[in-house]
Amino acid sequence: MTATGFGSPEQYDPKAIGDDEIAALNALHNVLRAESEPDFPAKPVADTRSALLPASPFISWTYWRVRDANDAAIARGKVGVLEGMAGNEHVAVAEIAVAPAARRRGLGSALLCRIADRAAELGRSMIIIGTESTVSSGDRFCEAIGADIGLEAVVNQVLIADLDDDLLRAWTAAAAGQTDYGIRFWDGPYPDDRLDHMVSVKRAMNDQP
């Protein structure tokens, strides 16, 4: 055990850990979600397992976790880099999360050290992390490590029960009269014959500041 009273950050392979370990990470995720998104329900263990499996062959992740004496996960961290793609070769994307009851004991800093070392190994000079206004400790941590604000985003939410059905129908009718675009739906992977269109959309989104 470390001076914090918890174990040191340990690197792990999400493909190699067992069901109990996935359940522990899921429990930590739901504790954190209850704080940052209190209006949302807890996620099932299956969602945590899926989230840990790489969704893209172009990004490589390295994972750490911190466990207490009972093997409960009380902090997690990860760093990822894009591979085989031109642009942003100096950037690494990271995440650090510590359970509320375990904060201010050096766990976030310990995870940041692992992340920074790994980013340096990969030749990255900038680490991008995010925080949310609902978790004030995230802002304080970013200030403490000297991070600069690069991009601020606003998330708007609405309860489906509060939606104006007449307004939605009016918008749908207006869209139906357009000749330069159409609204389509697909169930499953995007169709192969439309992939070029989706690539164009993704590239346009990458033009954001």
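The paragraphs below describe a sheet, a helix that lies across it, and one tryptophan in a loop.

This is a predicted model, in which local features need pLDDT of at least 70 and side-chain atom pairs count only at pLDDT 80 or more, while totals for chains, interfaces and linings use all residues. Residues are numbered from 1 along each chain as its sequence is written, and side-chain values use heavy atoms, with hydrogens and water left out.

Five strands make up an open sheet with mixed pairing, in the order S1-S2-S3-S4-S5. Strands and helices here are DSSP runs numbered from the N terminus (E, at least two residues, for strands; H or I, at least four, for helices), and two strands pair if DSSP finds at least two bridges between them. At the edges are strand S1 (10-12) and strand S5 (126-128), each pairing on one side only. From one strand to the next, the twist averages 30°.

Within the sheet, strand S2 (residues 59-67) and strand S3 (residues 73-82) run antiparallel and are joined by nine bridges. Arginine 67 is opposite alanine 73 in S3.

Helix H3 (residues 107-121) lies across S2, S3, strand S4 (91-98) and S5, and runs at about 160° to S4. Angles run from 0 to 180 degrees between N-to-C directions, with axes fitted to C-alpha atoms, for helices over the stretch in contact.

Tryptophan 186 is in the loop between helix H5 (165-176) and helix H6 (195-205). Leaving aside neighbours within four places in sequence, tryptophan 186 is in contact (heavy atoms within 4.5 Å) with Pro191 and Arg194. Tryptophan 186 and methionine 85 are 101 residues apart in sequence and 28 Å apart in space, C-alpha to C-alpha.
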